[in-house]
Amino acid sequence: MTRVLIPSGALGLNYDTQALQRGIAAKPDIIAIDGGSTDSGPSYLGRGVSKYARASTKLEWAGLMAARAEAGVPLVIGTAGTCGTDSAVDWMLDITREIAAEQGRPLKIAVLRSSQDPDQIAQAFEGGDITPLANAPDVTSQIIRSCSNIVALAGAEQITAALETGADIIIAGRTTDTAIIAALPLMRGCHAGGAWHGAKIGECGALCATNPQSGVISIDFDATGFTVTPLAAGAHASPHTVSAHMLYENSDPFILYEPGGYLDVTGAEYAAVDGTSVRVEGSKWVASDRYTVKLEGARPVGCRTVVMALLRDPHYVANAQIWADDIVDKCSAKVIERMGLAAEDFTLELRLIGQSASFGTLETRAATPLEIGVIGIITAPDEAQASEIGKLLNPYLLHHPLTQEEEQPTFAFLFSPPEMHQGQVYEFALSHVLHLSDPMAAFELEVIDIA
Amino acid sequence: MPELRSLVTKLRSKNAGPFWLTIDIFCGSPEAYARVRDGLSTTRVAQVFDTDGQAIKRFDIEQLHVVKFSLPRPAVQGSVTDRDMHGASWAALLGDVEI
């Protein structure tokens with residue numbers, strides 16, 4: 001039996017310290033926590049930074065490092081620093097060194113790096129070693145080379161290699177959410193389908209139970225399946241909450257692709273052990289012929305400035321779309337004329353918050369709201385140009401009349417200056433797999449001893 | 001005819017990676033499940049999202065009384081035209097559909 005303690009869905013989201021203590025008292029074999037995902041958008045991968053506050057990350061990681069020392073077992077974080085780039089791994093390593101110095105314990109740290117050289121990935125693409133997944137964007141070697149960061153998602157094989165170093169702490173770059181949980185049970189010969197299925201159930205912490213915000217769960221893996229137990233006071237798992245978690249953020253709730261194969265849970269059976277724990281058996285692991293890892297890449301696509309105004313005059317609220325369309329036409333023409341940009345060099349959009357901002361042309365409901373927030377969203381090749389377009393837009397948002405006949409209106413602005421600069425923006429450029437002859441070929445493993 | 005949202009206990013949408021959107025309809029009872037399963041065609045869902053029905057994955061999960069749809073995201077997550085970074089709002093559009 002292999003017991004995995006999972007403190008939370010992600011480091012930075014906090015965890016219940018009493019529940020964690022309960023988990024430590026139950027003698028886990030490993031503590032595993034996820035550090036990120038793509039869910040917050042391409043900017044974190046594009047810039048190679050974490051979305052969570054360093055202060056939260058440090059406090060929570062210090063608690064887990066102390067718990068690890070008490071339990072005397074490995075502590076592993078996957079997708080360190082939200083995006084798992086080498087820069088985010090270094091950020092996490094820096095925090096870890098700081099805490100180690102404060103806690104005064106010698107440590108062996110294994111660092112697994114997942115960043116890829118865009119040139120090498122472009123060459124692999126040209127050589128036919130990269131295959132698109134369903135609904136992947138069209139890419140060229142040039143697009144791949146323009147990525148500021150590309151990471152490969154490590155699976156259980158690479159985490160196993162890190163565990164085999166005997167490290168106390170493993171800081172992993174981008175991994176699949178499940179790999180850090182599945183690796184040790186797989187190493188110890190637990191049921192492969194159960195290992196991957198349990199890992200999927202546990203990757204969001206207590207989201208698979210009632211009181212989902214409570215975070216901490218424990219999963220016991222063995223030769224035939226797994227048993228999941230939420231550890232917060234008053235939290236319960238049921239066959240329904242556990243099986244329903246397979247739906248979450250999954251395009252297919254029965255099949256989950258991982259490096260080296262896929263999990264099939266169509267035959268899984270969920271049974272209540274007592275009022276709190278759930279036992280699962282019958283899931284299957286199907287190994288693939290070729291070993292592949294998924295790639296994620298983000299590339300810069302310009303700089304963004306946003307400007308916001310408020311419409312409260314009922315006449316303008318009622319005619320907001322006409323007003324906004326007219327401004328976009330006139331202002332775009334002015335950008336082309338006065339700045340010498342081509343139409344394809346920039347984007348200028350006005351979204352009507354309170355009317356159609358959520359769904360745009362797909363919106364099916366029409367109602368006249370009391371007020372409408374008008375947000376101008378501008379992207380241009382560089383920050384100075386985005387800022388300049390914001391200034392060209394400014395007079396329209398302040399004074400643009402619906403018709404020449406009406407008196408000049410004035411609309412509400414929130415700030416001075418009204419332009420807000422978001423800097424460089426990024427887009428996801430890859431949803432592809434890379435074929436590898438050796439699972440470690442795209443990853444680097446380094447062991448660091450802290451005395 | 002009632003709207004979908006009034007028939008079910010929970011309607012949620014979320015990213016399934018940057019390129020896919022997934023919508024889970026928790027019907028809450030065998031009766032509501034049967035009504036949603038039979039009354040909400042994949043073609044209708046494709047119309048709501050102005051997408052190709054062939055691209056939609058559909059799962060009728062009787063055990064959970066859930067109907068689930070996964071479709072290519074209306075805009076790639078975080079792209080210039082994206083309106084919803086986490087894919088959180090899109091289910092509401094389906095909630096308006098009359099069944």
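This briefing walks through the contact between chain A and chain B, the cysteines, and one residue of chain A. Please keep in mind that the model is predicted. Chain B and chain A bury about 3,200 Å² between them, and the structure holds zero disulfides over all chains.

**Where the two chains meet**

- On the chain B side, 38 residues are in contact with 36 residues of chain A.
- Three residues are good places to start looking: Phe19(B), Val80(B) and Arg83(B) supply 22% of the area that chain B buries against chain A, more than any other three residues.
- Of the area buried between chain B and chain A, 59% is on carbon and sulfur atoms.
- Charged partners also take part, with a count of five salt bridges between chain B and chain A.
- One salt bridge to look up joins the side chains of Lys14(B) and Asp39(A), at 2.3 Å from N to O.
- Polar contacts add to the picture: 20 residue pairs across the interface of chain B and chain A are in polar contact, counting pairs with both residues at pLDDT 80 or more.
- If you want to trace the touching side of chain B by its elements, those giving two or more residues are the strands β1 (10-15), β2 (20-26), β3 (57-61) and β4 (66-72), together with the helix α4 (90-95).
- By residue type, the side of chain B that touches chain A divides into 17 nonpolar, nine polar and 12 charged residues.

**The cysteines**

- A disulfide is a covalent bond between the sulfur atoms of two cysteines.
- Cys147(A) is in no disulfide, and the nearest cysteine sulfur, in Cys83(A), is 13 Å away.
- Cys147(A) counts as buried because its relative accessibility is 5%, under the 20% cut-off.
- For Cys208(A), the closest cysteine sulfur belongs to Cys204(A), and at 8.7 Å it is too far for a bond.
- Cys208(A) also counts as buried, with 0% relative accessibility.

**A look at Leu352(A)**

- You will find Leu352(A) in strand β17 of chain A, which covers residues 347-353.
- Leu352(A) is buried, with a relative accessible area of 1%.
- Leaving aside residues up to four places away in sequence, Leu352(A) touches Ala320(A), Gln321(A), Ala324(A), Ala357(A), Ile372(A), Gly373(A) and Val374(A).
- Leu352(A) and Ile24(A) lie 328 residues apart in sequence, and their C-alpha atoms are 51 Å apart in space.

Key:
Residues are numbered from 1 along each chain as its sequence is written. Chains are lettered from A and ligands numbered from 1 in the order in which they are written. This is a predicted model: local features need pLDDT of at least 70, side-chain atom pairs count only at pLDDT 80 or more; totals for chains, interfaces and linings use all residues. Side-chain values use heavy atoms; hydrogens and water are left out. Contact means heavy atoms within 4.5 Å. Buried area is the accessible area (1.4 Å probe) that two parts lose on being put together, summed over both. A salt bridge is a side-chain nitrogen of Lys or Arg within 4 Å of a carboxyl oxygen of Asp or Glu. A polar contact is a pair of N or O atoms within 3.5 Å; within protein, one must be able to donate a hydrogen and the other to accept it, and residues adjacent in sequence count only if both atoms are side-chain atoms. Helices (H or I, at least four residues) and strands (E, at least two) are DSSP runs, numbered from the N terminus. Ala, Val, Leu, Ile, Met, Phe, Trp, Tyr, Cys and Pro count as nonpolar, Asp, Glu, Lys and Arg as charged, and the others, Gly among them, as polar. A disulfide is a pair of cysteine sulfur atoms within 2.5 Å. Buried means under 20% relative accessible area, exposed over 50%, partly exposed in between (1.4 Å probe, protein chains only).
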